[in-house]
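Trainee: Before we discuss this protein, could you show me the sequence and the model, and then take me through the reasoning behind each label?

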Amino acid sequence: MRQRDLKSFRKLLTRQLDKLLMEAERTKDQVKEAEEPSSDPMDQASTVLDMDFLLRLRDRERKLMVKIKGALERIENGTFGICEECGEKISEKRLRARPVATLCIDCKHEQEVSEGRGRHSEPRKSPTLWLHM
Ligand SMILES: [Zn+2]
């Protein structure tokens with residue numbers, strides 16, 4: 001990949017990371033506020049819900065941050081834009097849409113198919129039950 005493109009991806013990823021860090025800070029403040037004790041029991045119930053929501057959100061943000069940091073590392077060590085699975089170049093169109101991608105579209109598709117298969121591989125209820133009835 002050209003230096004110029006790498007630079008633009010680095011800028012894009014850094015900006016995304018900054019935004020996430022800022023949001024994480026804000027979420028932290030919100031969690032702190034939610035932790036303030038309240039005397040109203042109805043209020044407390046909604047606080048628990050909010051906390052749950054905020055923590056989940058933070059988890060998603062954290063995962064994305066890890067991905068972005070990984071992508072920035074790949075830019076530094078020169079493996080950015082190369083598929084982890086097959087070693088082929090990831091198309092620039094795909095990277096523009098998803099700079100944190102580590103798989104080319106073919107490998108990604110294959111992963112999704114095999115994951116889908118995994119989800120549906122639960123054993124069916126045994127039909128032999130009927131034989132004993
Ligand atoms: Zn691949």
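Trainee: Where does Lys 67 lie, and why is Lys 67 called partly exposed?

Mentor: Lys 67 belongs to helix α2, which covers residues 41–77; helices here are DSSP runs of H or I of at least four residues, strands are runs of E of at least two, and both are numbered from the N terminus. A residue is buried if 20 or more other C-beta atoms, placed from the backbone, lie within 10 Å of its own, exposed if 12 or fewer do, and partly exposed in between. Lys 67 has 18 other C-beta atoms within 10 Å, and is therefore partly exposed. Its C-alpha atom is separated by 8.5 Å from that of Ala 101, 34 residues apart along the chain.

Trainee: What makes Arg 96 count as exposed?

Mentor: Arg 96, in helix α3, has 12 C-beta neighbours inside 10 Å and therefore counts as exposed. The C-alpha atoms of Arg 96 and Phe 9 are separated by 8.1 Å, although the two residues are 87 apart along the chain.

Trainee: How do you know that the largest nonpolar core lies between domain 1 and domain 2?

Mentor: A nonpolar core is a set of buried Ala, Val, Leu, Ile, Met, Phe, Trp, Tyr and Cys residues joined through C-beta atoms within 7 Å. The largest one has 8 residues, namely Phe 9, Leu 13, Ile 68, Ala 71, Phe 80, Ile 90, Leu 95 and Cys 104, and the elements giving two or more residues to this core are α1 (3–35) and α2. Because domain 1 (1–80) and domain 2 (82–123) both give residues, this core lies between them; the domain bounds come from an automatic or database domain assignment.

Trainee: Which residues does Ala 71 touch, leaving aside those up to four places away in sequence?

Mentor: Ala 71 touches Leu 13, Phe 80, Pro 99 and Val 100, where contact requires C-beta atoms, placed from the backbone, within 7 Å.

Trainee: How should the model itself be read?

Mentor: This is a predicted model, in which local features need pLDDT of at least 70, side-chain atom pairs count only at pLDDT 80 or more, and totals for chains, interfaces and linings use all residues. Residues are numbered from 1 along each chain as its sequence is written. The average pLDDT, the predictor's confidence in each residue from 0 to 100, is 83 for the protein.

Technical notes
Two residues are in contact if their C-beta atoms, placed from the backbone, lie within 7 Å.
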